[in-house]
Structure formats: structure tokens, C-alpha cells
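Me: Could you take a close look at one part of this predicted model for me, the aromatic cluster, and then show me what surrounds it? Keep it chatty, but walk me through the reasoning.

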Amino acid sequence: MQGASERSIGDPSWLAAGRFVDSDHPAVIAFAEETVRGLADPREAAVALYYRVRDEFRYDPYGIDRSEAGFRASWVLAEGRGFCVPKATLLAAAARAVGIPARLGFADVRNHPTSAKLAETMGTDVFAWHGYTELAPEGRWVKATPAFNRS
């Protein structure tokens, strides 16, 4: 079986709905289409989706829903919040819904500006399995992390 990094950007799986990247959910489709309406350039559409997911959905590392549903893109839309993984899932699903190849990525990252409360809660400033999205609006993968709000 081919690994994710070995599949070409043209592989149809990068546009397919999945268990968590539920790009076929009616709310995800409506959200994505509304966001990119009037934008013909795929790069502009990807940027618009990124900013909307980042800024309109509150980053909430304290109210993590660990159920399967809590990791779905449609859950973030319904709740209006999420931590890094479900917000990345929403960005990937919204991108796929409008024809932009997308995939999830995970990394351990040191978050230097972590608040004292969050560092105390986590016991560290290293975010294990930080979720991000990779988008390919122009034929090459670009990393995007919509986790934190603009503020």
C-alpha cells in the first residue's frame, strides 16, 4: 500500500470525503462554497478558507471532545470552536469540498507563546500531535495551521 507522502497531488483521494474529513457533509459544502464564492483563483480560495477557519472558529484547547464526532469537520461547524486537530480537519474538508487537494499533517511543536494556564494544564509547552493542514491549490503542498485565532 502506498503511503500518503508517496501519492501524487493528482490522486483522487486528496479530494475524497473521509471519516473525519467529511467534505461531503451538507454544512461543510455550504460553508466552503460560501467562502470561495466569486474567487476563481484556487490560491485565493485556499487563503480565504484558511482565514475563515482560523478566525471564525475559536481555538479551544480546554474543551476537547475526544469522541469520534468531536474530530469531524462538521462538528467544528456546529460547535463554532475546536482545538488544532478538528480545525485542521475543517480546513481540509472545506478545501476538498471545492476541489482543492488537501491532507492532514501532525507534528510535535514547541509553542513558545503558550499561556501559563495552558502550559500548566498540559504540563509542557510541547504540543504533541499538533494538527495542521496541507493544501495544494497550485500543484504543490503548502502547510497551513488554522489552529489559533487572529487574536
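Reply: Phe20, Phe71 and Phe83 make up one aromatic cluster. Keep in mind that this is a predicted model.

Take the pair of phenylalanine 20 and phenylalanine 71 to begin with. Their ring centres are 6.5 Å apart and the planes meet at 80 degrees, so this pair is edge-to-face; the cut-off for that label is over 60 degrees. Phenylalanine 20 belongs to the segment before H1, while phenylalanine 71 sits in the loop between strand S1 (58–59) and H3, so the pair ties together parts 51 residues apart in sequence. Are these two rings buried or exposed? Neither, quite: phenylalanine 20 has a relative accessible area of 29%, which makes it partly exposed, and phenylalanine 71, at 21%, counts as partly exposed too. Buried would need under 20%.

Now follow phenylalanine 71 to its other partner. With phenylalanine 83 it forms another edge-to-face pair, 5.8 Å centre to centre and with 80 degrees between the planes. Phenylalanine 83 is in the loop between strand S2 (81–82) and H4, so here the pair ties together parts that are 12 residues apart in sequence. Phenylalanine 83 is buried, with a relative accessible area of 13%. In total, the structure holds five aromatic pairs.

Phe83 also takes you into the packing. It is a member of a core of five residues, which includes Tyr59, Cys84 and Ala147 as well, and which lies apart from the largest nonpolar core. Tyr59 and Ala147 turn up again around lysine 87: setting aside neighbours within four places in sequence, this lysine contacts both of them, along with others including Val53, Phe57, Val76, Pro146 and Phe148. Lysine 87 is in helix H4, and this is a curious one: it is buried but has no salt bridge. The nearest side chain of opposite charge is aspartate 55, 6.7 Å away, whereas a salt bridge would need 4 Å.

What about the largest nonpolar core? It has 24 residues, and those touching the most other members are Phe31, Leu49, Leu90, Leu91, Ala95, Ile100 and Leu135. Helices H1 (26–36), H2 (42–56), H3 (73–79) and H4 (84–97) each supply at least two of its residues, with H4 giving the largest share, six residues. Alanine 95 is a handy one to click on: leaving out residues up to four places away in sequence, it touches Leu49, Ile100, Ala102 and Leu135.

If you like rings, have a look at two tryptophans as well. Arginine 7 has its charged end over the ring of tryptophan 14, 4.3 Å from the centre. Arginine 103 lies over the face of tryptophan 141, at 4.1 Å from the ring centre.

Zooming out, the protein chain has five helices and five strands, and from the N terminus on they run α-α-β-α-β-α-β-α-β-β. Of its 151 residues, 42% count as buried. Among contacts between residues at least 6 apart in sequence, 61% join residues at least 24 apart. The pair of phenylalanine 20 and phenylalanine 71, tying together parts 51 residues apart, is a good place to start looking at how the chain is joined up.

Methods
Residues are numbered from 1 along each chain as its sequence is written. This is a predicted model: local features need pLDDT of at least 70, side-chain atom pairs count only at pLDDT 80 or more; totals for chains, interfaces and linings use all residues. Side-chain values use heavy atoms; hydrogens and water are left out. A nonpolar core is a set of buried Ala, Val, Leu, Ile, Met, Phe, Trp, Tyr and Cys residues joined through side-chain atoms within 4.5 Å. Buried means under 20% relative accessible area, exposed over 50%, partly exposed in between (1.4 Å probe, protein chains only). Helices (H or I, at least four residues) and strands (E, at least two) are DSSP runs, numbered from the N terminus. Contact means heavy atoms within 4.5 Å. Rings of Phe, Tyr and Trp (its six-membered ring) pair if their centres lie within 6.5 Å; planes under 30 degrees apart count as stacked, over 60 as edge-to-face and the rest as tilted. A charge sits over a ring if NZ of Lys or CZ of Arg is within 6 Å of the ring centre and within 35 degrees of the ring normal. Lys and Arg count as positive and Asp and Glu as negative; His and the chain ends are not counted.
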